[in-house]
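Subject: Structure for you to look at

Hello,

Here is the structure I said I would pass on. Please open it next to the sequence, and read my notes below as you go.

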Amino acid sequence: MVMRDSTESVAELELLRAQRAQLASRLKTPWWYVAVMAFGWAVAFAMPIGSRYLTGATLGGSVLVIVVWILAQRALARVSGVDLGMGTRQYPSSRPWTFAIVAIIFAGDAAESLLVEHRLLAAAIAVGVLATVAGTGCWQGHLRAVRRDLEAGRVAA
Amino acid sequence: MTPADKPAAALDPVIHPITRLSICGLLASGAEWVEFAALRDAAGISDSLLSKQTRFLEEAGYVEVRKGAVGRRPRTWFRLTPGGRKAFQGHVAWLQQAARVSPEGAGGDAAAPAPRALAES
């Protein structure tokens, strides 16, 4: 076994921690990314209302949301130099945010559909706006959690 | 990772030099791919040193390289291979063991920060 001073090892471990923090700080989201994601959420929550009046709104809206999401992720990776990949299951701190996002999607969609069925269009639009704000906020929370996991090196293998 | 899957704590001569340790540490932080400039800035090293060390790590089978371009500007992305990740985890475990062994005089350094969460990376 190689003998070495323990302070040297501590210093190296601390250096790795500081460098990870520096890398994670590059993932701060620019304004345009937040705006694009908010647009994606708005399209997603416009679908229950749009499908009532336009045929093919659900399919077209779904495709648009997926395209917007993929392009936003790619653009963020290019700008930050840190590519998180398409799945973010490996970040344990982001899991509660993922559950919150799924809950918002189902609750928002169900509430809007119900309101549209009862011809309460204004209320359905208000729910859509609220769900868009909540979804965008949760996505930001999800990315903050990913940053924290990157800083701590707390990633599932 | 179960205890049985945990790599044995061992000094890895490929990762041991501080520059390569930094590169592997950054690539093991959780990002799928890290771009050349981001890696260079976070590690605080020059372009030429990063090129040299990543080539060494690639030849050792620890790092995978992906080349692309944004417009006319070439972009190079790096990630750890499964073997490289395992070797890094083993090396960090060795570092943590070494950090816990307090030699006379240097021991009990309360000011030194404790290594955090690296074993999980």
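Two strands pair if DSSP finds at least two bridges between them. Strand β1 (residues 33-35) of chain B and β3(B) are joined by two bridges, in the antiparallel sense, so by that cut-off they pair. Please keep in mind throughout that this is a predicted model.

The sheet

Start with the strands. Strand β2 (residues 63-70) of chain B and strand β3 (residues 73-80) of chain B are also antiparallel, and eight bridges link them. They form a hairpin with two residues between the strands. In the turn, B:Gly71 has a positive phi of about 65 degrees.

B:Trp77 in β3(B) is a useful residue to find. Its bridge partner B:Arg66 is one neighbour, and B:Glu35 stands opposite B:Trp77 as well.

How are the four strands of the open sheet ordered? The order is β1(A)-β1(B)-β3(B)-β2(B), and the pairing is antiparallel. β1 (82-83) of chain A and β2 of chain B stand at the edges; each has a single partner strand, so one side of each has no neighbour in the sheet. When you look at side chains here, remember that in a regular strand they alternate between the two faces of the sheet.

Helices on the sheet

Helix α1(B) lies across β1, β2 and β3 of chain B and runs at about 85 degrees to β3(B). Helix α3 (residues 47-59) of chain B packs on the sheet too, touching β2 and β3 of chain B. The direction of α3 makes about 130 degrees with that of β2(B).

Helices against helices

Two helix pairs are worth a look. The first involves both chains: helix α1 (residues 6-24) of chain A and helix α1 (residues 18-27) of chain B have axes that come within 9 Å and cross at roughly 45 degrees. That angle makes α1(A) oblique to α1(B). The crossing of α1(A) and α1(B) is right-handed. Residues making the contact include A:Leu15, A:Leu16 and A:Leu23 of α1(A), and B:Ile18, B:Leu21 and B:Leu26 of α1(B). By class, this contact of α1(A) with α1(B) has six nonpolar, three polar and two charged residues.

The second pair is within chain A. The axes of α2(A) and helix α4 (residues 95-117) of chain A come within 8 Å, crossing at roughly 25 degrees. These two helices, α2(A) and α4(A), are therefore roughly parallel to each other. Their crossing is right-handed. From α2(A), A:Phe45, A:Pro48, A:Ile49 and A:Arg52 meet A:Gly108, A:Asp109, A:Glu112, A:Ser113 and A:Val116 of α4(A). The contact of α2(A) with α4(A) divides into four nonpolar, two polar and three charged residues.

Two single residues

Is A:Gly40 buried or exposed? A:Gly40 sits in helix α2 (residues 31-53) of chain A and counts as buried, because it has 22 C-beta neighbours inside 10 Å. Leaving aside neighbours within four places in sequence, A:Gly40 is in contact with A:Val65, A:Val68 and A:Trp69. A:Gly40 and A:Leu64 are 24 residues apart in sequence, with 7.8 Å between their C-alpha atoms.

B:Val92 lies in helix α4 (residues 82-100) of chain B. B:Val92 is buried, with 28 other C-beta atoms within 10 Å. B:Val92 and B:Ser46 are 46 residues apart along the chain, and 24 Å separates their C-alpha atoms.

Regards

Methods: Residues numbered from 1 in each chain as written. Chains lettered and ligands numbered in written order. Predicted model: local features only at pLDDT ≥ 70, side-chain atom pairs only at ≥ 80, totals over all residues. Buried ≥ 20, exposed ≤ 12 C-beta atoms within 10 Å, placed from the backbone. Contact = placed C-beta atoms within 7 Å. Axes fitted to C-alpha atoms, helices over the stretch in contact; angles between N-to-C directions. Parallel < 35°, antiparallel > 145°, perpendicular 65-115°, else oblique. Left-handed = near helix turned anticlockwise from the far one by under 90°. Nonpolar A, V, L, I, M, F, W, Y, C, P; charged D, E, K, R; others polar.
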